[in-house]
Number of protein chains: 2
Amino acid sequence: LTPGPTDPLHVLIASYLDEREVRRIEQVDPRIRVLNAPELLPIPRYAADHNGSHRALSETELAKWQDLLALADVSYDFDWHRPADLLSTAPKLRWVQATSSGIGEFLTDTGLINSGITFTTAAGVHAVPLAEFVTMGLLYLVKEVPMLRGQMRRHLWERYTTHSLAGKRALVVGMGNVGRQVALHLSALGVHVTGASRTPGTPPPGVGTVVALSELHSVLPDIDALVLCSPLSASTYRLIGAAELEAMPRGCLVVNVARGQVIDETALIAALESGHLGGAVLDVVESEPLPGDSPLWDRENVLISPHSASTLVDENARIVDIFVTNLTRWLRGETLVNVFARTDALTG
Amino acid sequence: LTPGPTDPLHVLIASYLDEREVRRIEQVDPRIRVLNAPELLPIPRYAADHNGSHRALSETELAKWQDLLALADVSYDFDWHRPADLLSTAPKLRWVQATSSGIGEFLTDTGLINSGITFTTAAGVHAVPLAEFVTMGLLYLVKEVPMLRGQMRRHLWERYTTHSLAGKRALVVGMGNVGRQVALHLSALGVHVTGASRTPGTPPPGVGTVVALSELHSVLPDIDALVLCSPLSASTYRLIGAAELEAMPRGCLVVNVARGQVIDETALIAALESGHLGGAVLDVVESEPLPGDSPLWDRENVLISPHSASTLVDENARIVDIFVTNLTRWLRGETLVNVFARTDALTG
């Protein structure tokens, strides 16, 4: 599998990277032949946009893209054009370095999960910004910022009594990179963190105990906040439904930086509308973009981020760090980092 | 000074405490005679309101209050009625346990600073809630919550690229209880913290270096956020003016949990309006309540809290903790904790 000492390794750049990052990839090894045609790639709408607006390409241009795909041994990101056809359009392809962490649903939808291609994720890149988003979201609600903004709109200086985040109890579902970073942040602020994981084991730093996903109900009545950080998988699909929300105490807060499908959104909306939940901070929703008529848009105690809390201005450089590490390992025949584990992918 | 083994110690309750807290004070020592007339005290407008709405008291009721003052050896909080006359109305008074941390301005304004009375403060009680407010405020601006709320108002799902608080550089002015707690919180989130203090010394945990207040200009050009946590004193009055704001990089954030007078508010508003500052989070303003026509009310990148960020629902219990400790020490003739240091009080 490892290319010989003079065999070229064709590396396709399938989502836009600036010249500086492309050079870093090129410089990993003399055997690397970068296939980079930025004029064919979707145009990023913001820094580190891995989807971008598709160009209106001519037949000739599309044919050129197909030629590049046909040559690729390795790809940085998936084919933006016909991702589900990757097995036929890129017959030499052995490995894709994804630019996101949660690719299980995508691989399932495209059927690529059943291919022999190795997939590596961007896991880890998003842990700090997502943990910061979680901390911000909890403080936003605990410190009653919506009330403060309401007073500001009325030019009203009216004193109030506030609550402390310190001493609150949070259940963090998912003990991967993101959940562990969330636990570090929250515990540093005095929050008592319980973890939940498909495979509970020794609690990571900042976590009191870790329970199994099947034991959530033993913890839900005693928390002030639920933070979802798990991958979307068969075991987390609609993990939080009406019964789980009901089991949480009145006033409990929900933060979701996992995937929208981890919560039953209808039940979430009902629990917000009844006043059972104290608020929700959502970077992800069941159907994205969130439909214009969703009642979530207009709630004062809800904060919506359009699936962007993980996207940092300098994120491409950090993903290329992972890719460069992996290219070095690939060329040496070593195990890659961040390999996507198919075992827990969404199947239902 | 210490009462003899049978001498009574008259302890006046001068701001409302619930019965449970009054009992804790009473139970410190058999010599304690609590003077508690809640029916005469201002009515708290919110939990742990230490000012409250004044009652319309009859002459007889006011005379009763004067009688209690005249008996008091020790007072929990200042006289709500005629605080500046305390020396004549409470001639036996030796010690006042205040319910706030920043009492320098009040003591100066009332002239009590020149009395022989010992004052102890509530310092420490407010450190965690204020540090949480600071962390919330920085995350609120760094994570662009005002933009997110704007998108929500328009039901707009438009992805964006965000910034990380980790890696940013903050200058925390004031290395007392609040500043040290702020440094602990921010450094745990990966912020590089520099401190500034009237008396720089060994940096406390979470702080890289501590500079003198006179050396601020050496630090200001290299920060992303300025956090004011100092007491108001002669050395911090209008510490931050137009020149200091100008020295900070474009986009810099300002958080003030100290006193409004530490910043020149006109210069602050100008720096916000010109776009030089990226935003401000203010628990305090120069003149409180903030005047209805202040331009601060309507700015998207400003968050105003009506001097309440330190006020916790259970704050009275925490202040009574300090008072109970101090009563024990007072009766034993030991040094009190949280004694107000007159040396740095506001004189100009």
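**Exercise 1. Find the salt bridge between B:Arg20 and B:Glu21 in this predicted model, and say whether each partner is buried or exposed.**

*Step 1.* Start with the general idea: side chains of opposite charge can pair when their charged atoms come close.

*Step 2.* Now look at the two side chains. B:Arg20 and B:Glu21 meet in a salt bridge, with 3.4 Å from N to O. The cut-off for a salt bridge is 4 Å, so this pair counts.

*Step 3.* Next, check accessibility. B:Arg20 has a relative accessible area of 61%, so this residue is exposed, because the cut-off for exposed is over 50%. B:Glu21 has 3%, and therefore counts as buried, since buried means under 20%.

*Step 4.* Finally, place B:Glu21 in its surroundings. This residue is found in helix α1 (residues 19-26) of chain B. Leaving aside residues up to four places away in sequence, B:Glu21 touches B:Ala317 and B:Val320. B:Val281, by contrast, is 33 Å from B:Glu21, C-alpha to C-alpha, and 260 residues apart from it in sequence.

*Extra look.* In chain A, you can find a network of salt bridges that links A:Arg20, A:Glu21, A:Arg24 and A:Asp321.

**Exercise 2. Which parts of chain B does the salt bridge between B:Glu39 and B:Lys64 link?**

*Step 1.* Confirm the pair: the closest N and O atoms of B:Glu39 and B:Lys64 are 2.9 Å apart.

*Step 2.* Locate both ends. B:Glu39 sits in the loop between β2 (32-35) and α2 (59-71) of chain B, while B:Lys64 belongs to helix α2 of chain B. The two are 25 residues apart, and the pair links distant parts of the chain.

*Step 3.* Check how open the ends are. B:Glu39 is partly exposed, with a relative accessible area of 39%. B:Lys64 is also partly exposed, at 39%.

**Exercise 3. Find a salt bridge that crosses between chains, and say whether its ends are buried or exposed.**

*Step 1.* Over all chains, the count comes to 30 salt bridges. One of them pairs B:Lys143 with A:Glu132, with the closest N and O atoms 2.9 Å apart.

*Step 2.* Follow the pair across: B:Lys143 lies in the loop between α5 and α6 (145-153) of chain B, and A:Glu132 in helix α5 of chain A.

*Step 3.* Read the accessibility of each end. B:Lys143 is buried, with a relative accessible area of 2%, and A:Glu132 is buried too, at 0%.

**Exercise 4. How are the two chains related, and what aromatic pair do A:Tyr140 and B:Tyr140 form?**

*Step 1.* Superpose the copies: a rotation of 180° with 0.0 Å of shift along its axis brings chain B onto chain A, with an RMSD of 0.1 Å. The two copies are thus related as by a two-fold rotation axis.

*Step 2.* Compare the contact surfaces. Of the interface residues of chain B, 100% are also interface residues in chain A, so the copies meet through the same surface.

*Step 3.* Turn to the rings. The whole structure holds 13 aromatic pairs over all chains. A:Tyr140 and B:Tyr140 form a stacked one, 6.4 Å centre to centre with 15° between the planes. Each tyrosine lies in helix α5 (residues 127-142) of its own chain, so the pair joins two chains. Both A:Tyr140 and B:Tyr140 are buried.

**Exercise 5. How many residues of helix α6 (residues 145-153) of chain A are buried, and what covers them?**

*Step 1.* Count along the helix: seven of its nine residues are buried, and the helix is mostly covered. Among them are A:Val145, A:Leu148 and A:Met152.

*Step 2.* Look for the cover. This includes α5 of chain A together with α5 and β12 (302-304) of chain B.

*Step 3.* See what comes next: A:His155 follows α6(A) and has a positive phi, near 50°.

**Exercise 6. What is the strand order of the seven-stranded open sheet in chain A, and which strands are at its edges?**

*Step 1.* Trace the order: β8-β7-β6-β9-β10-β11-β12, with parallel pairing.

*Step 2.* Find the edges. β8 (210-212) and β12 (302-304) of chain A each pair on one side only. From one strand to the next, the twist averages 15°.

*Step 3.* Zoom in on one pairing. Five bridges join β6 (residues 169-173) to β7 (residues 192-197) of chain A, and A:Val172 has A:Gly195 in β7(A) as its bridge partner.

*Step 4.* Add a helix: α9 (residues 265-273) of chain A lies across β10 (252-256), β11 (277-282) and β12 of chain A, at about 135° to β11(A).

Conventions
Residues are numbered from 1 along each chain as its sequence is written. Chains are lettered from A and ligands numbered from 1 in the order in which they are written. This is a predicted model: local features need pLDDT of at least 70, side-chain atom pairs count only at pLDDT 80 or more; totals for chains, interfaces and linings use all residues. Side-chain values use heavy atoms; hydrogens and water are left out. Copies are superposed by least squares on the C-alpha atoms of residues with pLDDT of at least 70 in both. Contact means heavy atoms within 4.5 Å. Rings of Phe, Tyr and Trp (its six-membered ring) pair if their centres lie within 6.5 Å; planes under 30 degrees apart count as stacked, over 60 as edge-to-face and the rest as tilted. Helices (H or I, at least four residues) and strands (E, at least two) are DSSP runs, numbered from the N terminus. Buried means under 20% relative accessible area, exposed over 50%, partly exposed in between (1.4 Å probe, protein chains only). A salt bridge is a side-chain nitrogen of Lys or Arg within 4 Å of a carboxyl oxygen of Asp or Glu. Two strands pair if DSSP finds at least two bridges between them. Axes are lines fitted to C-alpha atoms, for helices over the stretch in contact, and angles run from 0 to 180 degrees between N-to-C directions.
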